[in-house]
Amino acid sequence: MIKLNLITSALLFTLVSVSGDVYGQQTYDAEGNLIGSSTKEVALATLSERFEIGEELIVTIRVGSLNYGEVFAVVTGQGLFVNPEEVINVMNFPITRVNSEQRLELKGWYISENRTFDLILYNEVQGSNAGELVRSENKTYISSQNVQSFNNEVLMDFDLVASWFGLSLTFESESLSVNAKASIPLPAQEKLKREETNVNSREHLTIKYPNFDFGYFERSHQMFDANLTSIYRDDDFNSFYSVVGIQDIAGFSTRFFVRGDDTDIFQSANVNFKQQSLNEDLLGPLNASTFQFGDVRPTRVSGVTGSESIGVNISNQKLGQPFDFEFTNITGIIQDGWDVELYQNGVLTRKELNTSGGQYEFLDIPLFANLNTFDVVKYGPQGQIQRERYERNLDADIFNPKLRYNVSLTQANTTLLNDSSSTGEEQDLFLSGAYSYSFLGWLSTRFSHNINLSDSSGLYSIGATARISPRVLSSVALSTSGSDTHTVSASLQSRLFDQFLNVSASSAFGDGESQTDNLALRMSGNLYTGDLFRVSYANIVSGSWLQNNDSSLNLNNTLTLSSRYGFLSHDFGYQETKVGDERNTSKQGGVTFSTTTGNVFTRLNARYSIDEVTGLDWKSAEASINYEFYNNLSTRFKVNREFETGLNAYQWSLQWQQPTYAIFSSLSHNSNDDMAISLNARFSMSEAPFGRGYVASSLPLTSNGLVAVRLYEDVNQNFVFDSEDKVLPRVKVAADQLSRFAESDEFGIAILDGVPSFRKTDLSVDLESLEDPYLLQSTENTSLTPREGLLTLINYPFVQGIEFEGELKVYDGAGYAKALRNAPIDIFRSNGEFVKTIKSEYDGYFYSDVLFPDTYSLRVSTEFLDENELTADYSFRVDARKAGSFIPDVQLNMRKLPYKTQYQAFIGEFSIKNAAKAYLKIVQQKFKQQNIRFTLHEAKNEGKYVIGVGIFDSAERASSFCEQQRVILPTCSVRKDRFKVGNNI
């Protein structure tokens, strides 16, 4: 191998390989710049314009973050030349040298075994060819212009060598790096990709930037979702409306729902006031996470969830996590007349059709061990589709050694805004509570109650949950309602091999009542998961047996196939009941199919029953097709048949979907000649402190958070958006952890809607989407905690960056200057913050690309000055406080240190610097009382570190000094060397 002087001639370069992308042939302009890239990125063939021909370099080959190793390279008139064998070894290709009579012969394969490789360099040039290469049976010849000899080594054009393995190279002038792009992914790239696949899912969820929780306001921006419908049917017009609104009032998130029609404009309504905190710091010593009043749902007790009533609720349960060990609720906002489906762990488990009341509710859903994922799919009457996702990690918090509580006080059968006095139903006060505490790290206990304060009757429950293994949980409970009824229950939950299991059993008994035993088995999971499709299932077997031999048995199965092409689901239920001597059975099922092809969405539903006498009996069938045919206009045609009555119904609808609103019209007709015409309008709005003063959307806003990011050029650099600043349209913004993206509008505002509540996320800017490459982001990215019903405005100012260039020269004692190349120049901001290091080129030229406006200090590193016997009396300052400025002709001048031959009195010398430092410390401590100045001097030509005690102009004076100090310095000797002028004693 070639021996290099690493101090004077070695440069470190980087080959950055881009994994997974496919690149074609690259094109360069007349000056060698890569077309379509930064002007600083040039071809390797042009390096002779920036470096001296014959300059030797050390090149570090990297693939992404992987460091392969170093190879030797030489600058030629054609570009960089390298040893091909050395490159192959560093890239770890199984290609080896073959002993032959040829100048060089290499054989093996690369990337995959079918890519064979056979390189031969002739002993003598044959015509214009220096050798030949056979790759996968394709033979090419190597031009003699691409081969050179250097100190008996074979060097070849780096571009040519890289092209053999599908690599294309460019050179980036500022960072002195060579960028490699691979048309064929390298094995190490594939390995790195596989490793990142396993890790990035966690890293993607990690918050990187400072987080802001904006809390609650005296008054925030009002949001509302509105739905208006008018129907003509049977020679009569009917109109309906529903509105969901939310805003902060007096420090509480205030949500209301109201609906009515032309006969009763205020048909029903409810309102809720709520505060929530991830830090669990509400209500002082109560450390609550949730405090709400108005229309609230009472605390769930012993497997029973009550309906909304007037009351108050306080809880310190962890937000987004189940408080109950066995069940959970999934609720949300939905417009009247919509259908909604619930998928638990990818399996369709429940649905609600033609909803009303402004929200959907899936209550008392059994949980499985570990993480439970819920997907909610909402279908609008004109073919709209909206999706939401929720997660419930069963053992995420229940084994946390902290007392958890959830307490509510409610008045049954009442609502805050409705007159409930005329219903005739009991309106008793109920105090409900649930409490849990965990200890030993694997056992959690709980107690709950639901007490009727009117007559002191109540329901009480006590239970415990144990973690048997990381994927298996077991629970037991005892509940009682006074002395009348008692219930003992137990359950087992597990998740093994992507299969979910929940087994529960209970027995109810009491005075004067017969015993009832219940058993339920729930299983679900994936039967097959592949790239093209997935097959999942859900089975439920449940039964009840009474002491008088009455019983009921239920069997339910759901089988689902989902793929990128469509969705197919079949459900079947069997029910058998026995009362006395009478036994009844029921068998019912249904099929659902949906698919999307281009702009066409098709959905089919059918229900059937199986009779022991008549066999298969179809009950109903429905088919609908949606087609988006022009500029946000879509149409839908639906056919429905009821087989028992023979009624056929048809509906044709037209939807006009705009970003700010949606209008639907429909025409319905059936075989009884009934006809109806309807017109529906849906829109959502929020007040906003920007743009037109409001945000409008055709999608609901009130059920999630709304984040607005303002992007602007801070012209006057005051970090405040004002009239002098320029907005930045068409800039992309991402909520990283939530995979939400938006682009700024003509006001520079990027709207991220549908952001889940209390899910922290980073807000990052895609800097490549900036039209001006000289803009720099003035502030660091931030993360925030969104909240439903809250519009959060984040300002991201940008400023025009500055540039500067100059020359680095060194002056000798006679005043002559020459360029100083390869010198590291450190750049510091006015506050002392280190920015980066740049290097001077072969002619002393240096350049720094876009930096923030500021005053910068430029310093050549002390190590470089010492190694090259240079001095700089001060750091150089560049005043670039004006945004967008370009500072030319920055002059950095060094001086060559004056040296002369002198004589040194010394007491020891070492080949290791740390050993010399240690000895110096010892003698300095030992002779602390004597007036002796010890120094550490590097004798570069000898490769030694010398402990000196004095420097003299003559050998006689040095020898005389040693003799005078012989008593205390018996090892004192004299040596000759070159020292800086002024070091005499």
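This passage walks through the overall make-up of the chain and then visits a few of its residues, charges and pairings. The model is a predicted one.

A good starting point is the chain as a whole. Its 985 residues include 44% that count as buried, and the secondary structure consists of 6 helices and 68 strands. The accessible surface of the chain amounts to about 49900 Å², with carbon and sulfur atoms providing 52% of that area. Contacts across the sequence can be described too: of those with a separation of 6 or more, 52% are made by residues 24 or more positions apart.

Ser-686 offers a view of the interior. This residue sits in strand S45, which covers residues 675-687. Ser-686 has a relative accessible area of 2%, and because buried means under 20%, it counts as buried. Beyond its neighbours within four places in sequence, Ser-686 touches His-221, Gln-222 and Met-223, as well as Gly-693, Tyr-694, Val-695, Leu-701, Leu-706 and Leu-791.

One of these partners, Gln-222, can be followed further. Gln-222 belongs to the loop between strand S15 (211-212) and S16. Apart from its neighbours within four places in sequence, Gln-222 has contacts that include Met-685, Ser-686 and Glu-687, and also Gly-245, Ile-246, Gln-247 and Phe-256. The chain also brings Gln-222 and Leu-790 to a C-alpha separation of 8.5 Å, although their positions lie 568 residues apart along the chain.

Turning to the surface, a negative patch is made up of Asp-234, Asp-235, Asp-236, Asp-262, Asp-673 and Asp-674. Among them, Asp-235 lies in the loop that runs between strand S16 (223-233) and strand S17 (236-249). With a relative accessibility of 68%, Asp-235 is exposed, because the cut-off for that class is over 50%.

Charged residues also meet in pairs. Side chains of opposite charge can pair when their charged atoms come close. Across the whole structure, 24 salt bridges are found. One of them joins Lys-107 and Asp-118, with 4.0 Å between the closest N and O atoms. Lys-107 is in strand S7 (residues 104-110) and Asp-118 is in strand S8 (residues 112-126), so this salt bridge ties together parts 11 residues apart in sequence. Lys-107 is partly exposed at 39% relative accessible area, and Asp-118 is partly exposed at 22%.

A second pair, Glu-341 and Arg-603, forms a salt bridge with an N to O distance of 2.9 Å. Because Glu-341 lies in strand S23 (residues 339-344) and Arg-603 in strand S40 (residues 600-611), the pair ties together parts that are 262 residues apart in sequence. Both Glu-341 and Arg-603 are buried.

A further salt bridge brings together Glu-644 and Lys-619, at 2.4 Å from N to O. This pair links distant parts of the chain, 25 residues apart: Glu-644 is in the loop between strand S42 (633-642) and strand S43 (647-657), while Lys-619 is in strand S41 (residues 615-630). Glu-644 is exposed, with 58% relative accessibility, whereas Lys-619 is partly exposed, with a relative accessible area of 27%. Elsewhere, Arg-255, Lys-274 and Glu-788 are joined into one network by salt bridges that share partners.

Notes
Residues numbered from 1 in each chain as written. Predicted model: local features only at pLDDT ≥ 70, side-chain atom pairs only at ≥ 80, totals over all residues. Heavy atoms only, no water. Helix = DSSP H or I, 4+ residues; strand = E, 2+ residues; numbered from the N terminus. Buried < 20%, exposed > 50% of the residue type's maximum accessible area, 1.4 Å probe, protein only. Contact = heavy atoms within 4.5 Å. Patch = residues over 30% accessible without salt bridge, like charges linked within 9 Å, V, L, I, M, F, W, Y side chains within 5 Å. Areas by Shrake-Rupley, 256 points an atom, 1.4 Å probe, with all protein chains shown as cover. Salt bridge = Lys/Arg side-chain N within 4 Å of Asp/Glu carboxyl O. Lys, Arg positive; Asp, Glu negative; His and termini not counted. Charge placed at Lys NZ, Arg CZ, Asp CG, Glu CD.
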